[in-house]
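Please open the structure in a viewer and keep a selection tool at hand. The tour proceeds from one sheet to a single residue and then to the whole protein.

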Amino acid sequence: MRKLTRATVAAVGGALALASIAHGTAPAQAAPAPGQTQIHPSYNYPHVIVGTSAKTFTATYRVTDTGSGVRRVAASAHNDRARLSATRTTCSGERHDVTCISTFTADPGRTLREGSAGSWRIRVAATGSTTASGIGAHATIQHASRLTVNATPEPAHNGSLITAYGTLTRSNWNTRRYVGYGGQQLHLGFRRTDEPYYVRLATKTTDRRGNVKVALRAYRDGSFRYDFYGTPGVRYAASTPDFVDVR
């Protein structure tokens with residue numbers, strides 16, 4: 001009995017990637033109806049964080065056919081603002097039940113623009129005994145974010161006033177630069193040197209440049225950190241802790 005061979009066709013000039021599946025003589029696997037091609041979505045959703053350079057990700061799904069077998073598969077990624085064509089699709093398995101992996105490139109300023117972050121749908125078109133199209137998977141594509149903290153002055157005198165400055169930025173997919181992210185809540189935490197966890201001290205909203213500051217008195221050695229919990233389109237971030245020596 002001859003196993004299915006596997007072939008891959010790369011997408012050219014923005015065309016959809018095609019996976020051509022050669023026919024063997026393996027017996028058909030069980031499927032809902034004879035002579036029918038079906039797409040079976042995957043629930044292993046890719047989560048993609050894109051900064052200012054291109055990011056590659058993959059989506060996996062199954063295609064079955066109860067008649068002559070699966071011959072052709074094409075995939076693309078969509079949301080309400082943008083579309084990505086697969087740059088590569090490979091399928092493996094018996095001709096009546098194949099697992100396919102489609103590769104996509106999310107490239108800021110080219111295939112990604114401002115406003116296209118969030119939930120994406122991986123649409124699949126397959127040809128076998130019949131033709132079928134549908135959702136093969138979902139993906140989340142988010143802006144990368146950065147967060148800093150600077151507690152000053154250092155070292156601090158016991159009981160003296162210090163200020164914890166924070167700056168939140170996110171990637172801009174039009175300009176391919178990081179820009180201030182305004183109107184977002186940052187949570188300031190403090191961890192004593194002899195304790196394993198942070199205690200929240202304050203919550204502040206960033207100005208239009210992504211900046212916040214919190215004034216407080218220093219009484220013991222420890223580290224300050226800002227946390228940003230993220231949004232549907234922007235990844236969460238935590239600053240590198242800033243240690244303050246109190247004398």
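In which sense, and over how many bridges, do S7 and strand S8 pair? Select S7 and residues 97-106, which form S8: the two pair in the antiparallel sense over seven bridges. Strands here are DSSP runs (E, at least two residues) numbered from the N terminus, and two strands pair if DSSP finds at least two bridges between them. This is a predicted model, in which local features need pLDDT of at least 70, side-chain atom pairs count only at pLDDT 80 or more, and totals for chains, interfaces and linings use all residues. Residues are numbered from 1 along each chain as its sequence is written, and side-chain values use heavy atoms, with hydrogens and water left out.

Next, select Glu94; its bridge partner in S8 is Asp97.

Widen the selection to the open sheet, where four strands follow the order S2-S4-S8-S7 with antiparallel pairing. Its edge strands, S2 (37-40) and S7 (88-94), each pair on one side only.

Now select Thr103, which is found in strand S8. Thr103 is buried (under 20% relative accessible area, 1.4 Å probe, protein chains only), its value being 16%. Leaving aside neighbours within four places in sequence, Thr103 is in contact (heavy atoms within 4.5 Å) with Thr56, Phe57, Thr58, Ala86, Thr87 and Arg88.

Finally, select the whole protein, which has zero helices (H or I runs of at least four residues) and 19 strands. Buried residues make up 44% of its 247 residues. Among contacts between residues at least 6 apart in sequence, 68% join residues at least 24 apart.

How values were computed
Buried < 20%, exposed > 50% of the residue type's maximum accessible area, 1.4 Å probe, protein only.
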